[in-house]
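Please look at the sequence and the model shown here before reading on. The report that follows treats a group of aromatic side chains and then a bound ligand.

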Amino acid sequence: MLCLGIESSCDETALALVCDGRLSAQVLRSQTDLHALFGGVVPELASREHARCIGPLYDLLCRQTGLKAGDLDYVAVARGPGLLGSLLVGVSFAKALALSCGARILAVNHLHAHLLAAGLGGDLLFPALGLLVSGGHTHIYRMDGPRSFTLLGRSIDDAAGEAFDKFGKALGLPYPAGRQIDELASKGVADIRLFPRPYLDNDNLDFSFSGLKTAAVQLAAGRPDLSAKQLVQPGDLILPADKAGQDLADVCASFTLAVAETLRLKLERALKKQAGIKALILAGGVAANSFVRQGIRTLADARGLPLLLPEPDLCTDNAAMIAYAGWLLAGLGQRHELDFRSVPRGQKIPEDALGQD
Ligand code: KG4
Ligand code: ZN
């Protein structure tokens, strides 16, 4: 079964093909450089870029793979949550394509797809605990199957990725700063007293990263010598071998460890509360972080649980996860009518698939 996946929920336009559960091709155009000029994603520019790029990207995928529209069994598309104007571009393209070539269409939850993408690298086991950590979300789910997700905990304010990006901005790093903070942190030594492990003094599975974000931004504001501005070369970071350079790396390590430990401790708490968990899944852009990966790996090993961890390029937004989630859901007999709607961030995604029990 051949499933085309389309992703356009934020600032990546991407298409991918999954054939019988395997990723066979993907094309992606990131808008990061454009939005970096403004220090964050500008929704109007994002939708214009999606509209400009999606057709040529589809043509490229066809040229690379020899795909003809008539070959497609399913078109799966991210329907939300995301930026409405951006989602509408991908969803309209998907609907037009499915209608013209007679393929079935599937509207995919972008957040669920992040976690299901782990199945591209190893067998999904259920029930699993899924930790999704991105620029907009920090969610813990109990996953009882590809379409059975129960939200156990979420960020009550900023997502972990937001804290990385704002701290990075205060240090003079370009948006999004998570990957570069990770790179700096790997050259530093963490001081565990520098930042709190936020919102642990309770009994719940929710997160709050706004206090940690503010503490880090204030620290950066009070230490202009920590500016990373001059370190950013095109595509690279060069850390000077002086005290300011080492201090910068140490502060990044301290911050990153605070985030990673908080995520680990809450996931550990979730494991204690949930019976019968057979695997852990980590996904979303922040799942590319080396400290976060290490922390969750340590937890999984201590509990003797398999950890499913997508490759870093499948952690950030991509269409392989949409195509794969579509393939899984299609295998369960699911599909949508052409009138499903795109769902912006903050609104509930309806359970409106056909073929649901
Ligand atoms: O999942 P994603 O690509 O987009 C959504 O937000 O849906 O996640 C983007 C977020 C950004 O905040 C970015 O700074 C963060 O993931 N990120 C990282 C790393 N790579 C990306 N944060 C920490 N360490 C990284 N290596
Ligand atoms: Zn995402």
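## Aromatic rings and a ligand

Phe255 has a relative accessible area of 0%, and because buried means under 20%, this residue counts as buried. The model in which this value was computed is a predicted one.

Phe255 belongs to a cluster in which ring pairs link it with Phe164, Phe167 and Phe195. A search of the whole structure finds eight aromatic pairs, and two pairs that involve Phe167 are set out in the table.

| Pair | Centre to centre | Angle between planes | Class |
|---|---|---|---|
| Phe167 and Phe195 | 6.4 Å | 70° | edge-to-face |
| Phe167 and Phe255 | 4.6 Å | 40° | tilted |

A pair of aromatic rings is described by the distance of the centres and the angle of the planes. Which parts of the chain does the pair of Phe167 and Phe195 tie together? Phe167 lies in helix 5, whereas Phe195 lies in the loop between helix 6 and helix 7 (210–222), so this pair ties together parts that are 28 residues apart in sequence. The pair of Phe167 and Phe255 likewise links distant parts of the chain, with Phe167 in helix 5 and Phe255 in helix 8 (residues 243–273), 88 residues apart. Both Phe167 and Phe195 are buried, and for Phe167 the relative accessibility is 0%.

Another member of the cluster, Phe164, is also placed in helix 5, which covers residues 160–170. Is Phe164 buried or exposed? Phe164 counts as buried because its relative accessibility is 2%. Leaving aside neighbours within four places in sequence, Phe164 is in contact with several residues, among them Ala177, Gly178, Ile181, Phe255 and Asn289. The C-alpha atoms of Phe164 and Cys252 are separated by 9.6 Å, although these residues are 88 places apart along the chain.

Asn289, which is in contact with Phe164, is also one of the closest residues to ligand 1, together with Gly135, Asp165, Asp182 and Gly285, in a shell of 20 residues. Gly178, another contact of Phe164, has a backbone N or O atom 3.1 Å from an oxygen atom of ligand 1. A backbone N or O atom of Gly285 lies 3.0 Å from an oxygen atom of the ligand, while a polar side-chain atom of Asp182 lies 2.9 Å from a nitrogen atom of ligand 1. Taken alone, ligand 1 exposes 560 Å², of which the protein buries 88%. Helix 4 (110–116), helix 5 and helix 6 (178–185) are the elements that give two or more residues to the shell, which has five nonpolar, eleven polar and four charged residues.

How values were computed
Residues numbered from 1 in each chain as written. Chains lettered and ligands numbered in written order. Predicted model: local features only at pLDDT ≥ 70, side-chain atom pairs only at ≥ 80, totals over all residues. Heavy atoms only, no water. Helix = DSSP H or I, 4+ residues; strand = E, 2+ residues; numbered from the N terminus. Buried < 20%, exposed > 50% of the residue type's maximum accessible area, 1.4 Å probe, protein only. Contact = heavy atoms within 4.5 Å. Near = heavy atom within 4 Å. Polar contact = N/O pair within 3.5 Å; in protein donor to acceptor, adjacent residues only side chain to side chain. Areas by Shrake-Rupley, 256 points an atom, 1.4 Å probe, with all protein chains shown as cover. Nonpolar A, V, L, I, M, F, W, Y, C, P; charged D, E, K, R; others polar. Phe/Tyr/Trp six-rings, centres within 6.5 Å; stacked < 30°, edge-to-face > 60°.
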